[in-house]
Amino acid sequence: MAAARRRRASRGYTYLGLMFVVAVLAMSSVMAAVVWSLVQRREDERQLVFVGRQFEAAIERYHQRSQGPGPRYPQRLEELLRDGRVPGVRRDLRRLYVDPFTGTPQWGLVRLPDGGIVGVHSLSERTTLQRRHIAPGVPAPQGHRYRDWQFIAPSAHELLAAGAS
């Protein structure tokens, strides 16, 4: 009789112990999801900076090769894939990259008054992770939203400043 009572009492403790283990596992999986989300967002930021710098460099190369009275900056991003100003195939960019935050190849364009594209930015309205560096030696761009991170060809900074004033 006493052994039967002990077995019934231990069943309650076993059930409580099992519920405790399930609760701990649930909390750990939630914390792992939060950490994974943060890691993924940091990687997306690094990817955005990489892609933005690729566009910057391609626009700068396009500009440096400009000769004559034609447009000095591309009018469409597709012109970076194949420069139609010269015979043959000349590419400043291999492909139009996908924005890591929107998942599309659509980019916000920074244009001069004549319509030339001098830079790109994300179309994402998400707020950035507030930090000083994306990677060691790579400072984070300025702005509180990803659409504020503009990647502009170095030769165009003066032109934009002159157009703003």
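Seven salt bridges turn up when the whole structure is searched, and keep in mind that this is a predicted model. The same kind of search, run for aromatic rings, finds five pairs. Tyr146 is a good residue to click on, since it stacks on Phe101 and its side chain also makes a polar contact with Glu45.

**Salt bridges**

- Within helix H1, Glu43 and Arg46 sit three residues apart, about one turn of the helix, and their side chains meet in a salt bridge at 3.2 Å, N to O.
- Glu43 has a relative accessibility of 37%, so it counts as partly exposed; Arg46, with 33%, is partly exposed too.
- Another bridge joins the side chains of Glu78 and Arg76, at 3.6 Å from N to O.
- Both ends of that one are partly exposed: Glu78 has a relative accessible area of 37%, and Arg76 comes in at 47%.
- Arg145 and Glu125 also pair up through their side chains, with an N to O distance of 2.5 Å.
- This pair links distant parts of the chain, 20 residues apart: Arg145 is in the loop between strand E4 (138-139) and strand E5 (150-152), while Glu125 is in the loop between strand E2 (117-121) and strand E3 (133-135).
- Arg145 is partly exposed at 32% relative accessible area, and Glu125 is partly exposed at 44%.
- Shared partners tie Glu125, Arg145, Arg147 and Asp148 into one salt-bridge network.

**Aromatic pairs**

- Take Phe55 and Trp107: the ring centres are 5.3 Å apart and the planes are at 65°, so this pair is edge-to-face.
- The two come from distant parts of the chain, with Phe55 in helix H1 and Trp107 in the loop between H1 and strand E1 (108-111), 52 residues apart.
- Phe55 and Trp107 are both buried.
- Phe101 and Tyr146 make a stacked pair, with 3.9 Å from centre to centre and 15° between the planes.
- Phe101 lies in the loop between H1 and E1 and Tyr146 in the loop between E4 and E5, so the stack ties together parts that are 45 residues apart in sequence.
- Phe50, Phe55, Tyr97 and Trp107 are linked by ring pairs into a cluster.

**Around Tyr146**

- Tyr146 belongs to the loop between E4 and E5, and its relative accessible area is 0%, so it is buried.
- Its stacking partner Phe101 is buried as well.
- The side chains of Tyr146 and Glu45 make a polar contact at 2.6 Å.
- Setting aside neighbours within four places in sequence, the residues in contact with Tyr146 include Arg41, Glu45 and Leu48, along with Phe101, Ser122, Ser124 and Arg126.
- Thr128 is among the contacts of Tyr146 too; the two are 18 residues apart in sequence and 6.0 Å apart in space, C-alpha to C-alpha.

**A nonpolar surface patch**

- Phe20, Val21, Val24, Leu25 and Met27 make up a nonpolar patch of about 510 Å² on the surface.
- Val24, one of the patch residues, is placed in helix H1 (residues 2-64).
- With a relative accessibility of 35%, Val24 counts as partly exposed, because that value falls between the 20% and 50% cut-offs.

Technical notes:
Residues are numbered from 1 along each chain as its sequence is written. This is a predicted model: local features need pLDDT of at least 70, side-chain atom pairs count only at pLDDT 80 or more; totals for chains, interfaces and linings use all residues. Side-chain values use heavy atoms; hydrogens and water are left out. Patches are made of residues with over 30% relative accessible area and no salt bridge: like charges are joined within 9 Å, nonpolar side chains (Val, Leu, Ile, Met, Phe, Trp, Tyr) within 5 Å. Accessible areas come from the Shrake-Rupley method with a 1.4 Å probe; for residues, only the protein chains shown count as cover. A salt bridge is a side-chain nitrogen of Lys or Arg within 4 Å of a carboxyl oxygen of Asp or Glu. Helices (H or I, at least four residues) and strands (E, at least two) are DSSP runs, numbered from the N terminus. Buried means under 20% relative accessible area, exposed over 50%, partly exposed in between (1.4 Å probe, protein chains only). Contact means heavy atoms within 4.5 Å. A polar contact is a pair of N or O atoms within 3.5 Å; within protein, one must be able to donate a hydrogen and the other to accept it, and residues adjacent in sequence count only if both atoms are side-chain atoms. Rings of Phe, Tyr and Trp (its six-membered ring) pair if their centres lie within 6.5 Å; planes under 30 degrees apart count as stacked, over 60 as edge-to-face and the rest as tilted.
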